[in-house]
Amino acid sequence: MTQIVPIAALLIGSALLLLAGGLQGLLLPLRGSFEGFSDSSLGLLGTGWAIGYIGGCLLTPVIVSRVGHIRSFGAFCSLASIVVLLNLVFMTPWAWIPLRALSGFCFAGAAMVVESWLNERANPETRGRIFGIYTMINLGATTAGQMLLTLGDPAGFLFFVVGAMVYSCALLPTALSTAAAPQPLSQVRLDIRSLWRNSPVAVIGVFLVGISNSAFGTLGAVYGRQVGLSVSSIATMMSVALLAGALIQIPIGVLSDRIDRRMVLIGIAVVGCLLGAALTFGGTLSPLAIIALVGAFGGMIYSMYPVIVAHANDHSPPGEFLKTSGGLLLLFGVGSVVGPLLAAVMMTMTRPQGLFAVTSAAHALIIGFSIWRMTQRAPVAQGEKEDFVAMASGVRFSTPETLALDPRAEDEEETSRDAA
């Protein structure tokens with residue numbers, strides 16, 4: 001408790017950010033579906049968000065270096081609040097798409113500022129505990145934001161107003177904090193050549209997982225509505241998928257520490273592919289069956305990313321955790337730009353289940369490429385593996401500063417100091 005009290009304001013601010021983000025992320029595709037937006041325009045909401053997120057990760061360090069952490073955080077939260085209200089004022093897809101990009105930019109920027117503060121407060125003894133608490137709070141806040149939709153009608157204005165209010169409240173804890181501003185933020189760049197040299201499986205895998213996860217995260221609610229699920233069932237379905245992905249990381253992480261991580265990745269992808277096929281070709285399913293299948297599907301897709309990161313870091317030179325993981329995060333973001341649009345086109349050309357045809361195709365490519373790579377490169381020796389660390393999956397939950405807070409970043413700093 002003594003370790004949590006000094007960072008309570010930061011954790012509260014982060015929880016409010018993720019609460020509003022979870023609410024808005026599910027509200028917009030549902031409301032857009034109610035308003036008659038096409039599948040393609042709804043897919044572009046996810047594409048816009050991913051583009052804005054990548055821009056936020058790249059530009060936030062520059063903004064913070066000019067105006068400081070507190071002002072930057074206040075600006076990001078205020079702008080995010082305005083964006084939510086503009087979504088209500090301009091109820092058209094061509095306004096929502098750029099607004100969604102702006103929302104992704106603000107989320108990435110605000111989250112990076114909070115995480116840099118947490119990283120400044122962490123020390124070698126508390127880093128792992130703070131990272132775990134931060135991850136669980138964000139998971140719980142995102143789930144709570146999604147489940148808020150079960151309390152009212154998304155067709156009204158209430159949830160837009162609530163989302164704007166929560167974003168505004170998120171800036172209060174840090175605005176009133178007396179804590180000193182932390183060090184400059186982490187900067188990352190996408191070096192595909194270096195990533196490919198370290199691990200081709202990680203490069204191809206993280207891009208394809210970005211396609212799959214973003215397609216489901218953006219259009220899962222639209223699929224639910226088009227197959228006749230109620231709003232409460234849709235919120236439950238998306239929340240169960242998210243929670244399953246967090247819980248299943250524990251046994252998957254233990255397994256991946258013991259055997260070739262590529263075999264674990266192949267196994268996850270096979271199950272994900274089969275579940276996607278069941279949802280695509282399973283015919284008419286009951287709401288309970290859909291929720292159960294999608295929950296198991298979420299357990300698979302949301303556990304792939306940390307396995308890929310761990311595999312890439314097994315092959316990385318000492319002291320390159322942040323460079324490798326940050327590059328993979330941006331490459332995941334690039335996949336997230338493509339995924340929602342591909343899935344939207346497939347849903348338009350076929351039927352709602354086309355969403356899972358896209359995810360299954362991505363998983364099949366992961367399986368094929370990973371099997372081929374296993375014939376080209378021996379597995380990492382057991383004693384040379386990095387420990388698996390459970391982590392949030394991709395751009396909706398992580399930023400370069402999340403990686404700086406990861407306990408493995410502290411190991412990297414110690415390695416650099418020892419080398420010096």
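Helix axes here are lines fitted to C-alpha atoms over the stretch in contact, and the angle between two of them runs from 0 to 180 degrees between N-to-C directions. With that in hand, the first pair to look at in this predicted model is H1 (residues 8-34) and H4 (residues 93-121), whose axes lie 10 Å apart and make an angle of about 160°. Angles over 145 degrees count as roughly antiparallel, so that is the label for H1 and H4. The crossing of H1 with H4 is left-handed. On the H1 side, the contact takes in Leu10, Leu11, Ser14, Leu17, Leu18, Gln24, Gly25, Leu28, Arg31 and Gly32, and these meet Trp96, Arg100, Ser103, Phe107, Ala110, Ala111, Val114, Trp117 and Leu118 of H4. Sorted by class, the residues of this contact come out as 12 nonpolar, 5 polar and 2 charged.

Stepping back to the chain as a whole, the secondary structure amounts to 16 helices and 0 strands. The chain has 420 residues, and 57% of them count as buried. Among contacts with a separation of 6 or more, 88% link residues that sit 24 or more positions apart. The accessible surface adds up to about 16100 Å², with carbon and sulfur atoms contributing 67% of that area.

Helix H8 (residues 200-226) turns up in two of the packing arrangements described here, one with H13 and one with H9. Its axis comes within 6 Å of the axis of H13 (residues 321-349), and the two cross at roughly 40°. That angle makes H8 and H13 oblique to each other, and the crossing is right-handed. No charged residues take part in the contact of H8 with H13, which is made up of 20 nonpolar and 8 polar ones.

The other partner, H9 (residues 231-247), packs against H8 at an angle of about 145°, with the axes 9 Å apart. Here too H8 makes a right-handed crossing. The H8 residues involved are Phe216, Gly217, Gly220, Ala221, Gly224 and Arg225, and they meet Ile234, Met237, Met238 and Ala241 of H9. By class, the contact of H8 with H9 splits into 6 nonpolar, 3 polar and 1 charged.

Two single residues round out the picture, starting with Ala269 in helix H11 (residues 261-281). Its relative accessibility is 0%, so Ala269 counts as buried. Setting aside residues up to four places away in sequence, Ala269 touches Met304, His363, Ile366 and Ile367. Further along the chain, Thr359 is 90 residues from Ala269, yet the C-alpha atoms of the two are separated by 9.8 Å.

Met374 belongs to helix H14 (residues 354-374). With a relative accessibility of 30%, Met374 counts as partly exposed; the cut-offs behind that call are 20% and 50%. Once neighbours within four places in sequence are left out, the contacts of Met374 are Asp260, Arg262, Met263 and Ile266. For one of these, Met263, the C-alpha atom is 8.7 Å from that of Met374, although 111 residues separate the pair along the chain.

Notes:
Residues are numbered from 1 along each chain as its sequence is written. This is a predicted model: local features need pLDDT of at least 70, side-chain atom pairs count only at pLDDT 80 or more; totals for chains, interfaces and linings use all residues. Side-chain values use heavy atoms; hydrogens and water are left out. Helices (H or I, at least four residues) and strands (E, at least two) are DSSP runs, numbered from the N terminus. Buried means under 20% relative accessible area, exposed over 50%, partly exposed in between (1.4 Å probe, protein chains only). Contact means heavy atoms within 4.5 Å. Accessible areas come from the Shrake-Rupley method with a 1.4 Å probe; for residues, only the protein chains shown count as cover. Angles under 35 degrees count as roughly parallel, over 145 as roughly antiparallel, 65 to 115 as roughly perpendicular and the rest as oblique. A crossing is left-handed if the near helix is turned anticlockwise from the far one by less than a right angle, and right-handed if clockwise. Ala, Val, Leu, Ile, Met, Phe, Trp, Tyr, Cys and Pro count as nonpolar, Asp, Glu, Lys and Arg as charged, and the others, Gly among them, as polar.
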